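Here are my notes on this one, written as numbered points. Have the viewer open while you go through them.

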Amino acid sequence: MTADASIREGTDGPGLLSPEHRNLSIAIYTTIALVAFEGTSVAAALPELAADLGDVGRLPWVITAYLFALGLSTVVAGPLVDAIGSRRLFFWSAIGFSGTGFLAGLAPTLDVLIGIRLAQGATSGVLFGATLAAVNLGFPPGLTGRAFAANSTIWGVMGAAAPAIAAVMLSVASWRWIFFINLPLGAIALIAGRRAMPGRQPDAEPLTVDLRGAAFAGVFTLASIAAVDRLGLQSIAFAALAVASVAGYVRHAGRTERPVVALRHIAEQPFRSLAVVPSLMLTAAFTTNIYVTVYVAAGRDVSNGAAAFSVLFFTLGWTIGANTSSLLMNRMSPAAVMSGGLVAGLAGITIVVAGVATNVHLAVAFSGLLILGIGIGLNTNASLVILRAATPPAQIGRASAANQFARSQGFTLGAAAGGAILLFVVDRRLGSVDPIRTLLAGEELESGTFTEAAVAEAVRTGFSAASITSLVIMLAAIPAMRSLRRHEAT
């Protein structure tokens with residue numbers, strides 16, 4: 001049976017909400033809703049966070065710390081899923097994610113918030129790893145594409161609703177309630193999934209945790225973040241450290257029976273392109289979309305509450321793209337759908353670049369973000385279906401975790417790069433990033449320093465530089481996409 005046949009097989013059988021799949025679906029999609037809300041609501045609240053806690057220079061770490069820990073813990077979760085199953089990991093990580101989220105709402109300073117977000121990201125990565133493996137293990141092959149599309153739908157619906165919920169919260173309460181809401185949502189996820197998640201597979205691998213390999217992965221991620229967090233000569237040194245950690249890991253993995261990331265799940269086709277293309281697209285998207293709220297609020301003089309809605313367009317597009325991807329894969333190969341997603345992503349980010357550079361109506365940039373989201377949805381959903389078809393069930397945890405680790409690098413580096421570029425340009429133009437906080441807080445700038453128009457112009461220029469960088473990053477995905485198509489043809 002071919003991969004395409006196995007992907008399409010059984011599409012007329014029981015659905016995701018049929019009695020045999022209902023509990024698992026509720027468990028998975030409640031979890032996705034929880035994680036999705038946390039992601040987009042925090043992005044929407046960045047202007048309010050900056051106004052309340054200050055220290056704009058470290059504001060990107062509210063997101064970067066979370067994404068760093070998420071990526072690292074996801075890859076560690078892979079072998080654990082294969083060894084003990086999704087159920088046990090889901091139980092404990094759901095408790096940890098909800099608890100740390102609630103604690104984040106109590107944070108008195110930005111530094112404390114960043115520390116708690118680091119812990120929350122660690123539990124979130126394990127939770128996401130267990131949930132992603134459950135999609136692959138709990139549903140038959142014919143439902144996998146629809147299951148991943150449903151994942152993206154829930155992510156998109158909650159992601160789209162999160163800015164609205166955040167905006168309402170910001171108008172009647174503080175940003176802290178965005179974190180407090182984790183507790184009831186986490187309780188729902190825990191009740192739904194405690195017994196529904198798949199257990200240990202009959203042919204499961206023995207429990208091993210490659211701590212040395214995880215350390216190499218952590219050094220790589222931290223060095224990569226440091227390379228883009230403060231742009232300057234030190235970026236070269238950190239980039240060299242990141243490259244050295246990759247070389248060290250390759251040597252380590254070649255000598256280890258069960259490395260945390262098997263080299264074949266990253267280096268061999270189709271796994272290589274399935275990691276490279278989505279991760280580069282996500283890097284490009286997050287470089288722009290994460291800080292669109294700051295751009296809209298400080299650069300285009302829109303209220304913080306209204307600016308929170310600007311992240312809606314990308315998440316809505318992602319939802320449309322993921323569901324369209326599921327339908328298209330009934331008529332064409334998943335690799336062809338991935339290619340279409342890359343084309344749509346390039347078109348979307350080009351529109352964003354043009355709209356921001358010319359300072360025209362915000363609708364132009366928002367339409368570009370919508371199309372960018374569609375491209376991401378098409379590409380990432382199709383790539384997950386290819387991954388499922390190419391991986392034996394006993395290796396799903398490791399293969400999914402390796403792929404998710406690559407994607408997490410996209411999330412993390414995109415968030416770090418977007419903030420670094422924006423703040424670098426503002427600092428070069430104004431000599432300080434502090435005026436951004438003053439502007440976001442609605443306070444008057446000190447007499448004789450900077451005008452509101454000068455600060456807004458600096459923010460617009462910085463965001464324009466970030467969006468141009470996004471376009472360059474996404475163009476770099478073209479060779480890997482071509483390689484996957486050649487692999488498919490052989």
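1. What share of the 490 residues in the chain is buried? The figure is 59%. Keep in mind that this is a predicted model, so every value below is computed from predicted coordinates.

2. On the secondary structure, the count is quick: 22 helices and zero strands. As for how the chain folds back on itself, take the contacts between residues at least 6 apart in sequence: 84% of them join residues at least 24 apart. The accessible surface of the chain is about 18400 Å², and carbon and sulfur atoms account for 66% of that area.

3. Now a helix pair. Two packed helices are described by the angle between their axes and the distance between those axes. For helix α14 (residues 292-299) and helix α18 (residues 362-390), the axes come within 13 Å and the crossing angle is roughly 180 degrees. Angles over 145 degrees count as roughly antiparallel, and therefore α14 is roughly antiparallel to α18.

4. Which residues make that contact between α14 and α18? From α14 there are V292, Y295 and V296, and they meet L362, F366 and L369 of α18. Sorted by class, the α14 contact with α18 has six nonpolar residues, with no polar and no charged ones.

5. Next, a single position worth clicking on: A402, in helix α19 (residues 396-430). Is A402 buried or exposed? Its relative accessible area is 0%, so A402 is buried. Leaving out residues up to four places away in sequence, A402 touches V261, H265 and I266. There is also a long-range pairing to look at here: A402 and A262 are 140 residues apart in sequence, yet their C-alpha atoms are 7.7 Å apart in space.

6. S224 can be read in a similar way. This serine is in helix α10 (residues 211-229). The cut-off for buried is under 20% relative accessible area, and S224 has 10%, so S224 counts as buried. With residues up to four places away in sequence set aside, S224 touches A242 and L413.

7. How many salt bridges are there? The count is two. One of them joins R460 to E457, with the closest N and O atoms 2.7 Å apart. Both R460 and E457 belong to helix α21 (residues 452-475), and they sit three residues apart, about one turn of the helix. The accessibility values put the two partners in separate classes: R460 has 18%, so R460 counts as buried, whereas E457 has 34% and is partly exposed.

8. The side chains of E488 and R485 also meet in a salt bridge, at 3.3 Å from N to O. Here the host is helix α22 (residues 478-489), and E488 and R485 are again three residues apart, about one turn of the helix. As for accessibility, E488 is partly exposed at 33%, and R485 counts as partly exposed at 34%.

9. If you want a short list for the viewer, I'd go with these. Start with the α14 and α18 contact, including Y295 and F366. Then go to A402 with H265, one of the residues A402 touches. Finish with the R460 and E457 salt bridge in α21, and then the E488 and R485 one in α22.

Conventions: Residues are numbered from 1 along each chain as its sequence is written. This is a predicted model: local features need pLDDT of at least 70, side-chain atom pairs count only at pLDDT 80 or more; totals for chains, interfaces and linings use all residues. Side-chain values use heavy atoms; hydrogens and water are left out. A salt bridge is a side-chain nitrogen of Lys or Arg within 4 Å of a carboxyl oxygen of Asp or Glu. Helices (H or I, at least four residues) and strands (E, at least two) are DSSP runs, numbered from the N terminus. Buried means under 20% relative accessible area, exposed over 50%, partly exposed in between (1.4 Å probe, protein chains only). Axes are lines fitted to C-alpha atoms, for helices over the stretch in contact, and angles run from 0 to 180 degrees between N-to-C directions. Angles under 35 degrees count as roughly parallel, over 145 as roughly antiparallel, 65 to 115 as roughly perpendicular and the rest as oblique. Contact means heavy atoms within 4.5 Å. Ala, Val, Leu, Ile, Met, Phe, Trp, Tyr, Cys and Pro count as nonpolar, Asp, Glu, Lys and Arg as charged, and the others, Gly among them, as polar. Accessible areas come from the Shrake-Rupley method with a 1.4 Å probe; for residues, only the protein chains shown count as cover.
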